[in-house]
Amino acid sequence: MPFTSRGAGLDRFGRFSLAGVEPGQYSLTARGSSRLVGPPVPPPPPPGVSAPGQTVPPPPPPALSYDLWASLDVSVAGDDLSGLVLALRSGMTVSGRVAFEGTSPPVDDLTRVRVGLSPATNDGIAFNVGATPGAANGTFTLTGVTPGRYRPTASVAPPAPSRGTAPVPPGSTPWRLKSAMWQGRDLLDLPLDVHPNEDVSDLTLTFTDLTTELSGSLLGPAGDPASGYIVLVFPVDSSLWVPNSRRIRQMQPGPDGTYKAVNLPSGSYFIGAVTDADSGDLSDPSFLEQVAAASLRLTITDGGRVVQNLRLKGG
């Protein structure tokens, strides 16, 4: 079997070598940083003195931005391949703006917004695009994005503490990412395909402080808490039956039979009980169709609380 992935370092002339490659079809990929072009980066300044006997460490060097990429498909048939050239080129740009809806006071400093991209699949050459601060006017621009399938990620950092106060812990802001709309579809549900030489613009990331909650109990035919079952909730729209979907949840009821799911996106859902479900089942249309046939339907609205009790039939 061909290996799934393997890395190789470069010598100072940019040459690489991979040994022990079995016959098969492969994609050679490379990433680089445009910051490496030019004269060497000078060393950081020496530490400064803040008080007698105390020194201030120098700031860390800036992280490299891997904004260049290359890809080449090759076929290995048993003979050595040499002279392959991976020509680095600039990555694509993904840009847009952020918006807020809810009941909390609006964010006064939009540079606290952090936007990134995470690969939606393990294949291809998609790489994480680290959290990048937004601009003061609510816009953002991600550069050096390699081809692949992505889901946007975004968060709001806590405000900087005022003088004499303790720092605000991360995750304490009420805002969470609700949607990432581009050309009429939500990229949090159906990932973004970034193609070579095609920038992506006009992406709208909307934050909300509204939470949703789905709760209830799973009981057996005699009305006692059911054990050995999983409560499964998934969207009515089968186009959203995709791997790692935020709209598909499985919940193990507690000893008293109760279950709860928070922050499911608004929409129409099926809810039912199964004895077992692995990660592959949760996006398998044939499995979900069988569960749907014996499930109830419910609707979740923005900020809504839904209580749905379930009772297993006898036999």
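Strand β14, which covers residues 200-208, is mostly tucked away: seven of its nine residues are buried, where buried means under 20% relative accessible area, exposed over 50%, and partly exposed in between (1.4 Å probe, protein chains only). Strands here are DSSP runs of E with at least two residues, helices are runs of H or I with at least four, and both are numbered from the N terminus. The model is predicted, with local features needing pLDDT of at least 70 and side-chain atom pairs counting only at pLDDT 80 or more, while totals for chains, interfaces and linings use all residues. Residues are numbered from 1 along each chain as its sequence is written, and side-chain values use heavy atoms, leaving out hydrogens and water.

As for partners, strands of a sheet pair through backbone hydrogen bonds, either parallel or antiparallel. Two strands pair if DSSP finds at least two bridges between them. Strand β6 (residues 92-101) runs parallel to β14, with seven bridges joining them; here Gly 96 has Leu 203 of β14 as its bridge partner. Strand β11 (residues 176-182) pairs with β14 the antiparallel way, over five bridges, and Leu 177 is matched with Phe 207 of β14.

Another set of strands makes an open sheet, in the order β1-β4-β5, with antiparallel pairing. Its edges are β1 (24-32) and β5 (89-90), each of which pairs on one side only. Between β1 and β4 (residues 68-76) there are nine bridges, again antiparallel, and one of the matched pairs is Ala 30 with Ala 70 of β4.

Now for the interior. A nonpolar core is a set of buried Ala, Val, Leu, Ile, Met, Phe, Trp, Tyr and Cys residues joined through side-chain atoms within 4.5 Å. The largest one has 29 residues, and the members touching the most others are Val 94, Leu 142, Val 145, Leu 203 and Leu 205. At least two core residues come from each of β6, β7 (113-119), β9 (139-145), β10 (148-156), β11, β13 (192-194) and β14. Strand β14 gives the largest share, four residues. Setting aside neighbours within four places in sequence, Leu 203 has contacts that include Val 94, Phe 140, Pro 152, Met 181 and Trp 182, contact meaning heavy atoms within 4.5 Å. A separate core of 16 residues includes Leu 214, Val 231, Tyr 259 and Tyr 269.

Rings of Phe, Tyr and Trp (its six-membered ring) pair if their centres lie within 6.5 Å; planes under 30 degrees apart count as stacked, over 60 as edge-to-face and the rest as tilted. The whole structure has four such aromatic pairs. Phe 100 and Trp 175 meet edge-to-face, at 5.0 Å centre to centre and 75 degrees between the planes. Phe 100 sits in strand β6 and Trp 175 in the loop between β10 and β11, so this pair ties together parts that are 75 residues apart in sequence. Phe 100 is partly exposed at 26% relative accessible area, while Trp 175 is buried at 9%. Phe 100 also stacks with Phe 207, at 5.1 Å centre to centre and 15 degrees between the planes. That pair links β6 to β14 across 107 residues, and Phe 207 is buried at 0% relative accessible area. Together, ring pairs join Phe 100, Trp 175 and Phe 207 into a cluster.
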